[in-house]
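Colleague: I'd like to learn how to read this model feature by feature. Please start with the pairing of strands and go on from there.

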Amino acid sequence: MIEREFQRLEEEVGACVRCPLHEKRIQAVFGTGHPFSEIMVIGEGPGEEEDRQGLPFVGKSGQLLDKILAAAGFSRDENVYIANIVKCRPPENREPAPEERAACLPWLEEQIALIQPNIIILLGSTALKGLIDPEGKITRMRGTWIQWNDIWVMPTYHPSALLRNPDLKKEVWEDMKEVVRKYREVVDPTHKAPHL
Ligand code: SF4
């Protein structure tokens, strides 16, 4: 049963000491959403609030992410599973180091193998580098589909980048339109996106 496998994996991640990020965490942040989701959203790593609550994307970035998903007709309660490249908060919210990303990647790969999403949305440079290409540039690769292990992968900007620079919203909107188009093609031709 996938739920039991998920529970086992979450317990293993909660006890993980594979990299130094475990030393200062309050708790590992495993992920949230439905295990049968057609879409996975992958971000960078937990921030302060996420570390405290044990859930990904619960601060301002999370609220913006939920708005973006809702505009495209998606939600973390129904058809989206959200996880991060690293499960433990990097101190001072710094970018996770390549060796920390590499240590944590097998957990994410197990999550992906269990969920088997049709589409993955990568949020920001760390997610792109962590999953697809260590030399990947988000400014160059966003908005372009990548086929990875039979999954359609769309890199776009992280919501925190939009909060710093609202001019990037236009590009994210374009990228989400592509996601809706692909979702209609491979999952549900009748999918409604209220604001795209
Ligand atoms: S960040 Fe990942 S690899 Fe490092 S301790 Fe946390 S769960 Fe383990």
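Modeller: Gladly, and let us begin with one pair: I146 has V153 in strand 6 as its bridge partner. Strands here are DSSP runs of E with at least two residues, helices are runs of H or I with at least four, and both are numbered from the N terminus. Two strands count as paired if DSSP finds at least two bridges between them.

Colleague: Before we go on, what kind of model is this, and how are residues numbered?

Modeller: It is a predicted model, where local features need pLDDT of at least 70 and side-chain atom pairs count only at pLDDT 80 or more, while totals for chains, interfaces and linings use all residues. Residues are numbered from 1 along each chain as its sequence is written.

Colleague: How many bridges join strand 5 to strand 6, and in which sense do the two run?

Modeller: Strands of a sheet pair through backbone hydrogen bonds, either parallel or antiparallel. Here three bridges join strand 5 to strand 6, and the two run antiparallel. They form a hairpin with two residues between the strands, where N149 takes a positive phi near 50°.

Colleague: How should I read a positive phi?

Modeller: Most residues other than glycine have a negative phi. N149 departs from that pattern, with a phi near 50°. This residue sits in the loop between strand 5 and strand 6 and is exposed, because 10 other C-beta atoms lie within 10 Å. For burial, count the other C-beta atoms, placed from the backbone, within 10 Å: 20 or more is buried, 12 or fewer is exposed, and in between is partly exposed. N93 also has a positive phi, near 55°. It belongs to the loop between strand 3 and helix 4, and its 13 other C-beta atoms within 10 Å make it partly exposed.

Colleague: In what order do the strands of the sheet stand?

Modeller: The sheet is open, with six strands in the order 1-3-2-4-6-5 and mixed pairing. Strand 1 (32-33) and strand 5 (146-148) are at the edges with a single partner strand each, so one side of each has no neighbour in the sheet.

Colleague: Let us walk across it, then. How do strand 1 and strand 3 pair?

Modeller: They pair in the antiparallel sense over two bridges, and G33 stands opposite Y81 in strand 3. Next, five bridges join strand 2 to strand 3 in parallel, with I42 opposite A83. Strand 2 (residues 39-43) also runs parallel to strand 4 (residues 119-123), through four bridges, and I39 has I119 as its partner there. Strand 4 then joins strand 6 through five bridges, again running parallel; I120 is partnered by V153.

Colleague: Which residues of strand 3 point one way, and which the other?

Modeller: V80, I82 and N84 point one way, Y81 and A83 the other, and all are buried. Five of the five residues in strand 3 (residues 80-84) are buried. In strand 6 (residues 151-156), five of six are.

Colleague: What does the loop after strand 2 hold?

Modeller: E44 lies there, between strand 2 and helix 2 (48-53). With 25 C-beta neighbours inside 10 Å, E44 counts as buried. Contact means C-beta atoms, placed from the backbone, within 7 Å. Leaving out residues up to four places away in sequence, E44 touches N84, I85, P96, G124, T126, A127 and H158. E44 and E95 are 51 residues apart in sequence, yet their C-alpha atoms are 7.9 Å apart.

Colleague: Which residues of helix 1 meet helix 4?

Modeller: I2, E5, F6, L9 and V13 in helix 1 meet W107, E110, Q111 and L114 in helix 4.

Colleague: And how do I read the ligand site?

Modeller: Look at the residues whose C-beta atom, placed from the backbone, lies within 6 Å of the molecule. There are 15 around the ligand, the closest being C16, C19, H22, C88 and C104. Helix 4 (residues 98-115) gives the most to this shell, four residues. By class, the shell has 11 nonpolar, one polar and three charged residues. Nonpolar means Ala, Val, Leu, Ile, Met, Phe, Trp, Tyr, Cys and Pro; charged means Asp, Glu, Lys and Arg; the others, Gly among them, are polar.

Note on methods
Contact = placed C-beta atoms within 7 Å.
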